[in-house]
Amino acid sequence: MDSRAQLQPITEDDIAHFLVNTPGFFERYAGLLASVQLGSPHSGRAISLQERQVELLRHKIHDLELRLAAMLRLGRDNVVIADKLLGLLQVLLRSRSERDLPGLLLSELKRRFQLPQVALRLWGLAPEFADLALVVAPRSSCGAAALDRLYCGPQAGQGPVAWLEQPESAQSVALLPLRACAEAPLFGLLVLASDDPQRFLPSMETDFLRHLGELAGAALSRLLPDNSAP
């Protein structure tokens with residue numbers, strides 16, 4: 001049998017392997033690069049290898065410019081959110097009436113963050129605040145107390161959603177547990193709701209919401225009995 005019939009054909013992988021492992025090839029055959037013609041994915045015409053490399057670099061630069069623009073936009077958005085949080089904190093600190101704090105928090109959240117619906121429930125407060133309309137008995141807070149972690153996502157029939165004025169219109173919600181400090185027991189729950197299903201998504205960064213819950217919990221802890229405040 002002819003030994004040549006047993007030879008395997010050279011594949012593209014063989015050629016690629018040879019070129020990768022023979023760095024001096026194009027130095028010895030420099031004119032070969034200039035003669036190589038490739039099809040352009042944009043114009044459809046044949047272009048040189050150098051032109052194709054320039055196209056690839058332009059595409060990479062364009063992608064980097066888009067990523068940079070997105071990062072700058074995110075940075076500006078974060079600055080705006082930080083300013084709103086600071087403004088909210090200043091308003092709460094200036095309030096001299098503890099009884100006004102819950103209503104002030106809700107109104108400021110609606111105004112500053114353009115939230116169509118917000119709700120708040122508290123329990124275990126000091127006796128002098130037990131008559132506040134948003135206070136619930138400890139046994140009524142069991143459903144809310146089970147939500148001891150921040151939730152951000154679609155409205156899925158969570159019990160606290162019923163506290164909203166129009167729960168049926170809430171498409172996405174954020175449920176923020178309230179504590180006097182990180183180690184303290186839960187004493188309330190803040191509900192933020194939107195008719196936009198994309199406003200609160202499970203995939204979104206929740207640092208802002210976590211900070212908002214911590215800020216609200218610290219401010220409202222002035223309503224707790226002296227022996228439970230931090």
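R112 is buried, its relative accessible area being 19%; burial here denotes a relative accessible area under 20%, exposure one over 50%, and partial exposure the range in between, computed with a 1.4 Å probe on protein chains only. The structure is a predicted model, in which local features require pLDDT of at least 70 and side-chain atom pairs count only at pLDDT 80 or more, whereas totals for chains, interfaces and linings use all residues. Residues are numbered from 1 along each chain as its sequence is written, and side-chain values use heavy atoms, with hydrogens and water left out.

Six salt bridges are present in the structure, a salt bridge being a side-chain nitrogen of Lys or Arg within 4 Å of a carboxyl oxygen of Asp or Glu. One of them joins R112 to E108, with the closest N and O atoms 2.6 Å apart. E108 is likewise buried, at 10% relative accessibility. Because R112 and E108 lie four residues apart in helix α5, about one helical turn separates them; helices (H or I, at least four residues) and strands (E, at least two) are DSSP runs numbered from the N terminus.

A salt bridge also connects D207 and R210, at 3.4 Å from N to O. These residues are three apart in helix α7 (residues 207–220), and therefore about one helical turn separates D207 from R210. Both D207, at 41%, and R210, at 38%, are partly exposed. Shared salt-bridge partners unite E108, R111 and R112 in one network.

The side chains of R99 and D131 form a further salt bridge (3.1 Å, N to O). This pair links distant parts of the chain, 32 residues apart: R99 lies in the loop between α4 (49–94) and α5 (101–113), and D131 in the loop between β3 (117–122) and α6 (142–145).
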